[in-house]
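Ready for some practice in reading a protein structure? Take a pencil, turn the model around, and try each exercise before you read its solution.

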Amino acid sequence: MIDYSNYTLKDEFKKLINELMRKHDFKVTMSGGSDEFHRLYLNYIYSVNKNLKFATVNNALMTCGEGVCGSCQLKLCNGQVIRGCKQQYNPAEVFINIKGDVNI
Ligand code: FES
């Protein structure tokens, strides 16, 4: 298993994000990468703009797709465990590390 704890976004990527955010009045941002990328990206964006809404692709392992097997379980920042195949959730509740400070 790969340890992603020391991974970071490249400075030039952050610079590009900052330029785009200054130029455009984005209300929503979307991550189409891995869960590890969602975590890096959303936490960085959240540190810059706490009012932005988030969307991500769902990378959960789907087996039954019916809410039965539990292979798609996700843990929200409040500790609640949900089934990603059936329940809607705000990606900020899963990937942002600032507990109790998530603007949902
Ligand atoms: S895929 Fe089986 S519970 Fe979600």
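**Exercise 1. Work out in what pattern the helices and strands follow one another along the sequence.**

Solution. Start by walking along the chain of this predicted model. Reading along the sequence gives the pattern α-β-α-β-β-β-α. Next, check the tally: the chain holds three helices and four strands. Then look at the overall extent, where the C-alpha trace spans about 45 × 30 × 25 Å along its principal axes. Last, consider burial and contacts. Of the 104 residues, 30% count as buried. Among contacts between residues at least 6 apart in sequence, 51% join residues at least 24 apart.

**Exercise 2. Test whether the end-to-end distance of helix H2 agrees or disagrees with the span expected from its residues.**

Solution. Step one: H2 covers residues 35-48, which makes 14 residues. Step two: the expected span is 1.5 Å times one less than the number of residues. For H2 this should come to 20 Å. Step three: compare with the model, in which the end C-alpha atoms of H2 are 20 Å apart, so the two agree.

Now look at how H2 sits among its neighbours. His38, Tyr41, Leu42, Asn43, Tyr44, Ile45 and Tyr46 are buried in H2. A general rule helps in reading such a list: an α-helix has 3.6 residues a turn, so residues three or four places apart point the same way. As for partners, the buried residues of H2 pack against helix H1 (11-23), strand S1 (28-31), strand S2 (53-56) and helix H3 (91-95).

**Exercise 3. Describe how strands S1 and S2 are joined, and find the handedness of the crossover between them.**

Solution. First, the joining: S1 and S2 run parallel and are linked by four bridges. Two of the pairs can be named. Val28 has Lys53 as its bridge partner in S2, and Ser31 has Thr56. Between the two strands, the chain passes through H2, and this β-α-β crossover from S1 to S2 is right-handed.

Second, the faces. In S1, Thr29 and Ser31 form the covered face, while Val28 and Met30 form the uncovered one. S2 alternates too: Phe54 and Thr56 point to one face and are buried, whereas Lys53 and Ala55 point to the other and are not.

Third, zoom in on Ser31, which lies in S1. Its relative accessibility is 1%, so Ser31 counts as buried, the cut-off being under 20%. Beyond its neighbours within four places in sequence, Ser31 is in contact with Phe37, His38, Tyr41, Leu42, Ala55, Thr56 and Val57.

**Exercise 4. Decide whether Leu52 is buried or exposed, and list what it touches.**

Solution. Begin with the location: Leu52 is in the loop between H2 and S2. Its relative accessible area is 3%, so Leu52 is buried. Now list the contacts, not counting residues up to four places away in sequence: Leu52 touches Met21, Phe26, Lys27, Val28, Thr29 and Ile45. Take Thr29 from that list. Thr29 and Leu52 are 23 residues apart along the chain, and their C-alpha atoms are separated by 7.0 Å.

**Exercise 5. Find the residues that line the largest cavity, and then those that line the largest pocket.**

Solution. Before you start, recall the idea: rolling a probe the size of a water molecule over the atoms shows where empty space is left. A search of the whole structure finds one cavity of 30 Å³ or more. The largest cavity holds about 40 Å³ of space. Its lining consists of Asp35, His38, Thr56, Val57, Asn58, Asn59, Ala60, Leu74, Tyr89 and Phe95.

Pick out His38, a residue of helix H2. With a relative accessible area of 0%, His38 is buried. Leaving aside neighbours within four places in sequence, the contacts of His38 include Thr56, Val57, Asn59 and Phe95.

Turn to the largest pocket, whose volume is about 210 Å³. Lining this pocket are Tyr4, Ser5, Tyr7, Thr8, Leu9, Lys14, Glu36, Arg39, Leu40, Asn43, Tyr44 and Asn97. H2 gives the most to the lining of the largest pocket, with five residues.

Notes. Residues are numbered from 1 along each chain as its sequence is written. This is a predicted model: local features need pLDDT of at least 70, side-chain atom pairs count only at pLDDT 80 or more; totals for chains, interfaces and linings use all residues. Side-chain values use heavy atoms; hydrogens and water are left out. Buried means under 20% relative accessible area, exposed over 50%, partly exposed in between (1.4 Å probe, protein chains only). Contact means heavy atoms within 4.5 Å. Two strands pair if DSSP finds at least two bridges between them. A crossover is right-handed if, with the strands pointing away from the viewer, the path from the first strand over the helix to the second runs clockwise. On a 1 Å grid over the protein atoms alone, a cavity is a set of points where a 1.4 Å probe fits but cannot get out, and a pocket is an open set with protein on both sides within 12 Å along at least five of seven lines; lining residues have an atom within 4 Å of a point. Grid points are joined across faces, edges and corners, and a volume is the space filled by probe spheres set on the points.
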